[in-house]
Amino acid sequence: MKKLEGIVYGVSSVVNVPVTLKMRTGIYGNENIAHNIIEKVKEWKTPISLFTLHGRSREQRYTKSANWKYIDVCNKIADPIPLFGNGDILSYEDYNLRRAETGVAGAMIARGALIKPWIFKEIKDQAHWDISSFERFDILKNYSNYGLEHWGSDTEVWVEKTRRFMLEWLSFLYRYIPVGLLERPPQHINERPPPYFGRNDLETLMASPSCSDWIKISEMLLGPVPDGFIFLPKHKANAYN
């Protein structure tokens, strides 16, 4: 705790914006410690403006659903400091349910935004949006242009930098199931549907769980990969150890 307090103090002393603290439930799956940390932080002279709590331990990664009951416990302990909950939100229904169940001040969305970047519009509009494969491809096209603008396009090294960032994103984006193909919307974040054919070839390609197909999509935007190119998503492991 002393080390954490020193870090927070150091940051807060050099910035003139509110300082927030994000944490997981703990390190190990069977030992929640976030509530103890929150109690200690509230005693510090250095103020924290907001907590964000991801409802999983470091060890769990994404092997189990987020523990929103524990988030609710921590939210009550954190009062009057606001707390945002985080975990498994992929639709406006998920967002509404978690806010109603816990009374958290808000929610942070991570994987849900990688799978469905338009989730924030859905929450704002309280509606499902059936984003076509062509619309998603346009989003990727913009992404590749931004990457080349940032990293540069004059050498193969920088083009491949953009490609690897795009492939990391595609390793999440493929999990989106178009609303028009769902029997019962909304889609839930831990659902793993069997392989399916989309409404066109591009939609089928974008739904593939295969790294080789993600590379094909990248080649449509950035040209052929160099000889010997290999890609494995960084989040492939299920646990930190």
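Helices and strands are here DSSP runs, helices of at least four residues and strands of at least two, numbered from the N terminus. The model on display is predicted.

**Stop 1: the annotated region.** Select residues 4-131. An unreviewed UniProt entry lists this range as "domain: DUS-like FMN-binding". Within residues 4-131 the chain is 40% helix and 13% strand, and the C-alpha atoms at the two ends lie 42 Å apart.

**Stop 2: the sheet.** Next, display strands β1, β2, β3 and β4 together. These four strands make an open sheet in the order β1-β2-β3-β4, with parallel pairing. At the edges are β1 and β4 (106-108), each of which pairs on one side only. From one strand to the next, the twist averages 25°.

**Stop 3: strand β1.** Select residues 20-24 and show the side chains. In a regular strand, side chains alternate between the two faces of the sheet. Strand β1 follows this alternation: Leu 21 and Met 23 point to one face and are buried, whereas Thr 20, Lys 22 and Arg 24 point to the other face and are not buried. Now add β2 (residues 50-54), which pairs with β1 in the parallel sense over five bridges. Which residue of β2 is the bridge partner of Leu 21? The partner is Phe 51. To follow the chain between these two strands, trace it from β1 through helix α2 (residues 34-41) to β2; this β-α-β crossover is right-handed.

**Stop 4: from β2 to β3, and the helices on the sheet.** Select β3 (residues 83-86). Strands β2 and β3 pair in the parallel sense over four bridges, and Thr 52 stands opposite Phe 84 in β3. Helix α3 (residues 68-78) packs on the sheet and touches β2 and β3, its direction making about 170° with that of β3. Return to α2 as well: this helix lies across β1, β2 and β3 and runs at about 160° to β1.

**Stop 5: Ser 133.** Finally, select Ser 133, which is found in helix α7 (residues 133-151). Is Ser 133 buried or exposed? Ser 133 counts as buried because its relative accessibility is 0%, below the 20% cut-off for that class. Leaving aside residues up to four places away in sequence, Ser 133 touches Asn 200, Leu 202, Glu 203 and Met 206. With Asn 200 there is also a side-chain link: a polar contact of 3.0 Å joins the side chains of Ser 133 and Asn 200.

Key. Residues are numbered from 1 along each chain as its sequence is written. This is a predicted model: local features need pLDDT of at least 70, side-chain atom pairs count only at pLDDT 80 or more; totals for chains, interfaces and linings use all residues. Side-chain values use heavy atoms; hydrogens and water are left out. Buried means under 20% relative accessible area, exposed over 50%, partly exposed in between (1.4 Å probe, protein chains only). A polar contact is a pair of N or O atoms within 3.5 Å; within protein, one must be able to donate a hydrogen and the other to accept it, and residues adjacent in sequence count only if both atoms are side-chain atoms. Contact means heavy atoms within 4.5 Å. UniProt positions are given in the numbering used here, feature names are shortened, and annotations may be inferred rather than shown by experiment. Two strands pair if DSSP finds at least two bridges between them. A crossover is right-handed if, with the strands pointing away from the viewer, the path from the first strand over the helix to the second runs clockwise. Axes are lines fitted to C-alpha atoms, for helices over the stretch in contact, and angles run from 0 to 180 degrees between N-to-C directions.
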